[in-house]
Amino acid sequence: MSHVDRRAFLARSAALAAVPAVAALAGAEPALADDALPDYAPIPPSALGPALNEQGYYVGRVERNLYWVTDGTYQAAFLTTRDGVVLFDAPPSIGHNLQRAIDEIASANGVSNRVTHIVYSHHHADHLGASSLFGRNVVRVGHTENKKLLVRDNDPTRPAPDLTFETRHTLRVGGERVELAWHGTNHTPDNIYIHFPDHDTLMLVDINLPGWAPFDTFNINEDVPGSIAAPGKAMAYPWKTFIGGHMGRLGTRGDMVVYQNYVNDLIDNIKKALVAVDPTPFFVKYGNNSWAAVKAYQDAQVQYASAPVIKKYLGVLAAVDVYTDSTTFLILESVRLDLGVGSQVHP
Ligand SMILES: [Zn+2]
């Protein structure tokens with residue numbers, strides 16, 4: 001691996017919570033034999049975005065003075081204004097490349113490169129951990145719950161927001177307007193909708209990752225029903241371009257429809273699995289080991305529900321064969337526990 005490839009590899013891998021595995025690879029321990037690792041379907045070209053530069057990032061225009069930056073796995077956005085730059089999220093995997101990307105655009109357009117505001121999509125460190133690079137003289141903006149969570153976490157890389165709001169806030173900087181809104185909990189309790197009405201764009205992070213199946217266990221969404229409802233709320237806004245916070249490209253309304261269909265197909269199949277899979281053989285085999293029986297039973301339900309969905313979306317959503325099982329498991333638990341489907345009252 002070249003120096004740049006290796007750096008990108010490390011950044012990308014570290015970005016995805018695979019830190020212990022990466023530490024092992026980077027150290028002296030022998031790597032796993034290649035044939036011990038599973039093979040997956042190839043990534044459809046439609047899932048991939050523009051090539052990264054030598055520094056490991058890509059910066060591009062979304063519309064007029066709204067730009068996006070990616071390292072291929074994470075995304076941030078920024079708006080240049082006559083009074084400075086408003087940054088949206090600061091993923092540590094992009095890190096110092098955020099200011100490099102801003103400098104590149106600001107010098108090309110003869111505008112200020114000084115970041116004056118950072119809007120936080122939600123409190124997660126993988127989207128905010130480079131916030132402290134911008135110092136103290138920046139106005140940080142987030143939901144009231146975002147402030148509570150960041151005060152709780154007390155992580156110096158993610159200073160709590162200075163400006164908070166409960167349901168809606170219109171952020172006005174240098175003649176530009178951004179509509180921030182909280183429409184209930186979804187991925188996290190503080191995840192907000194960032195609408196750019198003058199740029200035909202919506203940013204909503206960690207819900208739909210355009211072109212890709214959700215990350216492990218349905219993006220580790222804390223509120224599953226809230227997360228399932230979020231794409232509908234996003235679609236109620238007028239926009240052409242979607243910034244999902246992840247992977248290498250921007251999204252369209254068509255991507256949102258594909259994602260909604262994928263989730264709805266999973267829910268339909270989960271409801272069928274809860275009825276169709278017979279628990280008897282699992283409880284017969286494992287006797288008084290209730291957890292072994294429940295695990296085998298639920299594994300069978302997950303397989304029943306996910307297999308047809310994986311088949312349907314292969315070549316449509318990248319890595320659908322990697323994470324659909326774990327996503328199915330979390331949605332199955334929500335269908336069972338939140339919706340009460342398949343629950344039986346003892347006679
Ligand atoms: Zn998150």
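Donors are N, O and S atoms within 2.8 Å of the metal, and because water is not among the atoms, a site may look incomplete. The views below all come from a predicted model.

**View 1. The zinc ion and its protein donors.** In this predicted model, the zinc ion has as its protein donors His122 through NE2, His124 through ND1, His187 through NE2 and Asp206 through OD, lying 2.1 to 2.2 Å from the ion. The angles among the 4 donor atoms run from 88 to 169°, and the site is irregular. Along the sequence, the donor residues follow the spacing H-x1-H-x62-H-x18-D. Histidine 122 belongs to the loop between strand E5 (115-119) and helix H4 (125-128), while aspartate 206 belongs to the loop between strand E11 (201-203) and helix H6 (216-220), so this pair ties together parts that are 84 residues apart in sequence.

**View 2. Helix H7 against helix H8.** Two packed helices are described by the angle between their axes and the distance between the axes. Helix H7 (residues 224-235) packs with helix H8 (residues 253-276) at an angle of about 155°, their axes being 10 Å apart. Angles over 145 degrees count as roughly antiparallel, and H7 and H8 are therefore roughly antiparallel to each other. Their crossing is left-handed. On the H7 side the contact is made by Ile228, Pro231, Gly232, Ala234 and Met235, and on the H8 side by Arg253, Met256, Val257, Tyr259, Gln260, Val263 and Ile267. By class, this contact of H7 with H8 has 9 nonpolar, 2 polar and 1 charged residues.

**View 3. Helix H8 against helix H11.** The axes of H8 and H11 cross at roughly 60° and come within 9 Å, and the two helices are therefore oblique to each other. The crossing of H8 and H11 is right-handed. H8 contributes Tyr262, Val263, Leu266, Ile267, Ile270, Lys271 and Leu274 to the contact, and H11 contributes Val320, Thr324, Thr327, Thr328, Ile331, Leu332, Val335 and Arg336. These residues divide into 10 nonpolar, 3 polar and 2 charged.

**View 4. Helix H10 against helix H11.** Helix H10 (residues 290-313) and helix H11 (residues 320-337) have axes 9 Å apart and pack at an angle of about 130°, which makes H10 oblique to H11. The crossing of H10 and H11 is right-handed. Among the residues that make the contact are Gln298, Val302, Ile310 and Tyr313 of H10, together with Val320, Phe329, Leu332 and Arg336 of H11. The residues of the contact of H10 with H11 divide into 7 nonpolar, 6 polar and 4 charged.

Conventions: Residues are numbered from 1 along each chain as its sequence is written. This is a predicted model: local features need pLDDT of at least 70, side-chain atom pairs count only at pLDDT 80 or more; totals for chains, interfaces and linings use all residues. Side-chain values use heavy atoms; hydrogens and water are left out. Axes are lines fitted to C-alpha atoms, for helices over the stretch in contact, and angles run from 0 to 180 degrees between N-to-C directions. Helices (H or I, at least four residues) and strands (E, at least two) are DSSP runs, numbered from the N terminus. Angles under 35 degrees count as roughly parallel, over 145 as roughly antiparallel, 65 to 115 as roughly perpendicular and the rest as oblique. A crossing is left-handed if the near helix is turned anticlockwise from the far one by less than a right angle, and right-handed if clockwise. Contact means heavy atoms within 4.5 Å. Ala, Val, Leu, Ile, Met, Phe, Trp, Tyr, Cys and Pro count as nonpolar, Asp, Glu, Lys and Arg as charged, and the others, Gly among them, as polar. Donors are N, O and S atoms within 2.8 Å of the metal (3.2 Å for Na, K and Ca); water is not among the atoms, so sites may look incomplete. Four donors count as tetrahedral if all angles lie between 85 and 135 degrees; four count as square planar and six as octahedral if opposite donors are over 155 degrees apart and all others between 65 and 115; anything else is irregular.
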